[in-house]
Amino acid sequence: MISADLTYVSSRPIADRRKSRPQVNGVVKKSLPSRDHQRIPPLSCVLSTTRSPFVKMNNLVPEMIVSDLKRSLYFYCLILGFQIEYERPEDKFTFLSFQGSQLMLEQDDQEESPWRVGPLVSPYGRGMNLSIQCSDSKALAKSLGDAGIALRRPIEECWYRDNERLHGELNFLVLDPDGYLLRFTQSVGFRAVEHQSIA
């Protein structure tokens, strides 16, 4: 389990951190790590409510190497609302879930490994983005804003062709603490493709 001694660092001025802090699911939110160490609530408050001895894994589950697992768990769990399904503290590894999506995080051990295909230089994950479905993109974007995290791209309504229909989304982009690009998307329904006649 993650200990109550979990620490993080905040880049916001101390005066700003003394203001009233918003909550998500009853969890007090604070800023991401940077310079001066502060305590945050134990992550046991975001353990999955549907935990079982065995986790049914999706057919595709991204596993991302992170520079600081505690900082990443603060971002994903206490700000975005991901839940911890299970952990291997001896490996600095955590398996997360979020509204049907799954994600594995493991802290970089700085050792040569077949899993490392090149140097890890910030921002990580260049050329890739993770598309994550959510039930309320506006509420999620607000949570990020309340925590002082800027969106890389604000919420937009986008329509993508899916064969003979269009699928609508409210989506936005945000970078995680290591620079992995995340796209959170809320479905707004489908509509038929309008075919234009050729004169």
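**Group meeting: a pocket, three strands and some aromatic rings**

Let me start with the largest pocket, which holds about 600 Å³ of space, and I should say at once that what we are looking at is a predicted model. Its lining is made up of 23 residues, and those that lie nearest the centre of the pocket are E63, M64, I65, W115 and R116. Two elements give two or more residues to this lining, namely β5 (63-66) and β8 (101-107), and of the elements it is β5 that gives the most, with three residues. If you sort the lining of this pocket by character, you find 13 nonpolar residues, four polar ones and six charged ones.

Let me move on to strand β11, which covers residues 165-175 and is mostly covered, with nine of its 11 residues buried. On one side of the pairing, β11 runs antiparallel to strand β10 (residues 153-162), and eight bridges join the two; within that pairing, W159 stands opposite G168 in β11. The two strands form a hairpin with two residues between them, and N163, in the turn, has a positive phi of about 55°. β11 also pairs in the antiparallel sense with strand β12 (residues 181-192), this time over 11 bridges, and here L173 stands opposite R183 in β12. The hairpin of β11 and β12 has five residues between the strands, and in this hairpin G179 takes a positive phi near 95°.

That brings me to the aromatic rings, where the count comes to eight aromatic pairs. In one of them, the rings of F75 and Y76 have their centres 5.1 Å apart and their planes at 90°, so this pair is edge-to-face. F75 is buried, with a relative accessible area of 0%, and Y76, at 0% relative accessibility, also counts as buried. Y86 and F93 form a pair that is tilted instead, at 6.1 Å centre to centre and with 35° between the planes. In that pair Y86 counts as partly exposed, because its relative accessibility is 25%, whereas F93, at 2%, counts as buried. There is also one aromatic cluster, formed by F75, Y76, F82, F98, F172 and F184.

Finally, which residues place a charge over a ring? R88 lies over the face of F93, at 4.0 Å from the ring centre, and the charged end of R191 sits over the ring of W159, 3.9 Å from its centre. W159 is a residue we have already met, as the one that stands opposite G168 in β11.

How values were computed: Residues are numbered from 1 along each chain as its sequence is written. This is a predicted model: local features need pLDDT of at least 70, side-chain atom pairs count only at pLDDT 80 or more; totals for chains, interfaces and linings use all residues. Side-chain values use heavy atoms; hydrogens and water are left out. Buried means under 20% relative accessible area, exposed over 50%, partly exposed in between (1.4 Å probe, protein chains only). Helices (H or I, at least four residues) and strands (E, at least two) are DSSP runs, numbered from the N terminus. Two strands pair if DSSP finds at least two bridges between them. On a 1 Å grid over the protein atoms alone, a cavity is a set of points where a 1.4 Å probe fits but cannot get out, and a pocket is an open set with protein on both sides within 12 Å along at least five of seven lines; lining residues have an atom within 4 Å of a point. Grid points are joined across faces, edges and corners, and a volume is the space filled by probe spheres set on the points. Ala, Val, Leu, Ile, Met, Phe, Trp, Tyr, Cys and Pro count as nonpolar, Asp, Glu, Lys and Arg as charged, and the others, Gly among them, as polar. Rings of Phe, Tyr and Trp (its six-membered ring) pair if their centres lie within 6.5 Å; planes under 30 degrees apart count as stacked, over 60 as edge-to-face and the rest as tilted. A charge sits over a ring if NZ of Lys or CZ of Arg is within 6 Å of the ring centre and within 35 degrees of the ring normal.
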